[in-house]
Amino acid sequence: MIVSIFFIPYTAKGDVFLYASDADIKDVLILLSQATGKNIIVSPEITGKISLRLKTDFARILKILESTAELSFRESDENIITIPKSKFRSSRIVKLRFYPPKNIAEAIAQIGVKSSMIHTNILFLEGEEEKLQVAEKIIQEIDRIPRQVIIEAQIVELTKKGALELGNLMKAISGDFEGGFDFLSGKANIKVSTGKIEYIIGFLEQKGEAKILSSPKILTTEGEKAEIRQGISVPYDVSTQFALNTVFYDAFLSLEVVPKISDNKIVLETKISKNFPSFEVVSSRGVPSISKNEITSKIILNQGESVSIGGIMIESNSKSYEGVPIISSIPVLGFLFKNYNNKSETREITVFLKPSIVD
C-alpha cells in the first residue's frame with residue numbers, strides 16, 4: 001500500500017496533491033486531515049479501499065470522495081463528520097393525496113423513518129437514505145384512491161325458537177352453506193346467498209318468531225370504520241356535596257364495521273353491541289343498570305354474498321297475574337281464585353350484512 005499526501009501552500013487556492021493506490025479509505029481521510037489541518041472525524045462504519053491521483057482544492061476532494069466512496073461529509077462546529085452515505089439521515093417532503101397522514105406515519109415508523117405533519121396532507125420524513133427510499137415505495141402503494149364499500153344491514157331480534165328455525169332453514173336451503181349453525185351456543189356466523197335472506201326473515205316474521213329492529217344502509221371508505229347506533233341514553237342522578245346532577249349513559253344497539261378489500265374479496269371486521277336498561281339491578285333511587293352484550297368477528301366474503309352474525313343473547317323475565325273478577329279481590333278467600341305466573345324468555349340479536357364494492 002502506498003499513500004502519499006502533500007500540501008502545497010504556495011498556490012493561491014491551497015491545492016492538495018493526493019495519491020493513493022489500493023489504500024484503506026480511513027487512512028486516506030486521516031492523512032488528509034493531517035495535511036490540511038482540518039478536523040475530520042471518521043465513522044467506524046466506513047470500510048473499503050480506494051485508488052486515486054488528485055491535485056485540487058480540499059472542498060473538491062471531499063466532493064469526489066462523496067461520489068466515488070459513497071461518503072457523506074457534514075460540518076459540525078469546526079469538525080467534519082464522515083459517515084457512510086447509506087447511514088446519513090436524509091429528509092424528504094411528501095405530499096399525500098388520499099391517505100390520512102397519521103396512518104402513513106404509523107406505517108413507515110415500523111421501518112425506522114421519523115415523520116412529522118407540516119400541513120394537513122404534507123409529511124416531513126427523516127431517516128437513513130436507504131430507509132427513506134423504502135418509505136417512499138410504501139407511501140406509493142398506500143396513498144392511492146381508496147375504494148368504497150356500501151354495507152346493507154338488517155338487525156333482527158329472534159325468539160329462541162326463531163333462532164333455531166333460522167339455523168335449520170339456512171342449512172336446508174343453502175347449497176353454499178358455511179359457518180356456525182347453533183345460534184344459541186354463543187357466537188355464530190353463516191354465509192349464504194343474498195337472495196335467500198329476505199325470504200327467511202319474512203317467513204319468521206309471519207310466524208311471530210322474528211322482529212326487524214333496523215335496516216340501515218351505509219357507504220364507507222375501505223379501511224374506515226362505519227358505525228350505526230340506535231337506542232336511548234338513560235339518565236342517572238349523581239349527587240355531590242352541593243348539587244344533584246343528571247348524567248346520561250348510552251343504552252344502544254350499535255354496529256361497527258371496518259371493510260377491507262383484497263383480491264376482490266371483502267374482509268369485514270365487525271363489532272355488535274346491545275346495551276339496554278335492566279331492572280334486575282337498580283340503584284337506591286330505582287335507576288336501572290345497563291346490561292352490556294358485545295360480539296366481534298372477522299369474516300371474508302365474496303362480492304354480493306351476505307353473512308349473518310348471531311350470538312348476543314338477551315334474557316327477560318316478566319310476571320303476570322290472573323284471577324276471577326271480584327272474588328279474587330276478597331281478603332284471604334280471594335287467594336284461592338288468583339294465580340301468579342313468572343315468564344322467562346331468551347331472545348337473540350342477529351345481524352345480516354351484505355357488503356358490495358362500489359366501482
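**View 1. Glu269 and Lys298 meet through their side chains in a salt bridge, at 3.8 Å from N to O.** A salt bridge here is a side-chain nitrogen of Lys or Arg within 4 Å of a carboxyl oxygen of Asp or Glu. This one links distant parts of the chain, with Glu269 in strand E17 and Lys298 in strand E18, 29 residues apart. Helices (H or I, at least four residues) and strands (E, at least two) are DSSP runs, numbered from the N terminus. Glu269 has 27% relative accessibility and counts as partly exposed, while Lys298, at 62%, counts as exposed. For these labels, buried is under 20% relative accessible area, exposed is over 50%, and partly exposed is in between (1.4 Å probe, protein chains only). Salt bridges with shared partners also bring in Lys260, so that Lys260, Glu269 and Lys298 form one network.

A quick word on what you're looking at: this is a predicted model, where local features need pLDDT of at least 70 and side-chain atom pairs count only at pLDDT 80 or more, while totals for chains, interfaces and linings use all residues. Residues are numbered from 1 along each chain as its sequence is written, and side-chain values use heavy atoms, leaving out hydrogens and water.

**View 2. Here are two more of the eight salt bridges that a search of the whole structure finds.** Glu136 and Arg92 pair up through their side chains at 3.0 Å, N to O. Glu136 sits in helix H4 (residues 129–142) and Arg92 in strand E7 (residues 89–95), so this pair ties together parts that are 44 residues apart in sequence. Glu136 is partly exposed, at 26% relative accessible area. The other pair is Arg229 with Glu227, whose closest N and O atoms are 2.7 Å apart. Glu227 is partly exposed too, with 31% relative accessibility.

**View 3. Zoom in on the largest nonpolar core, a set of 24 residues.** A nonpolar core means buried Ala, Val, Leu, Ile, Met, Phe, Trp, Tyr and Cys residues joined through side-chain atoms within 4.5 Å. Leu255, Ile272, Ile309, Ile349, Val351 and Leu353 touch the most other members. Among the elements giving two or more residues to this core are strand E10 (148–159), strand E16 (244–262) and strand E20 (338–358). Setting aside residues up to four places away in sequence, Ile272 touches several others, including Leu255, Ile295, Ile309 and Val351. There's also a second, separate core of 22 residues, which includes Val16, Leu52, Leu54 and Leu71.

**View 4. Asp22 has a positive phi of about 50° although it is not a glycine.** You'll find Asp22 in strand E2 (residues 16–24), partly exposed at 47% relative accessibility. Glu70, also not a glycine, has a positive phi of about 55°. Glu70 is in the loop between helix H2 (58–68) and strand E5 (71–76).

**View 5. Confidence stays low over residues 176–188, with pLDDT under 50.** pLDDT is the predictor's confidence in each residue, from 0 to 100. The model has 43 contacts (heavy atoms within 4.5 Å) beyond four places in sequence for residues 176–188. Among the elements, strand E11 (residues 178–179) has the lowest mean pLDDT, 46, and strand E14 (residues 217–221) the highest, 88. The mean pLDDT of the protein is 75. Where pLDDT is low, the predicted coordinates shouldn't be read in detail.
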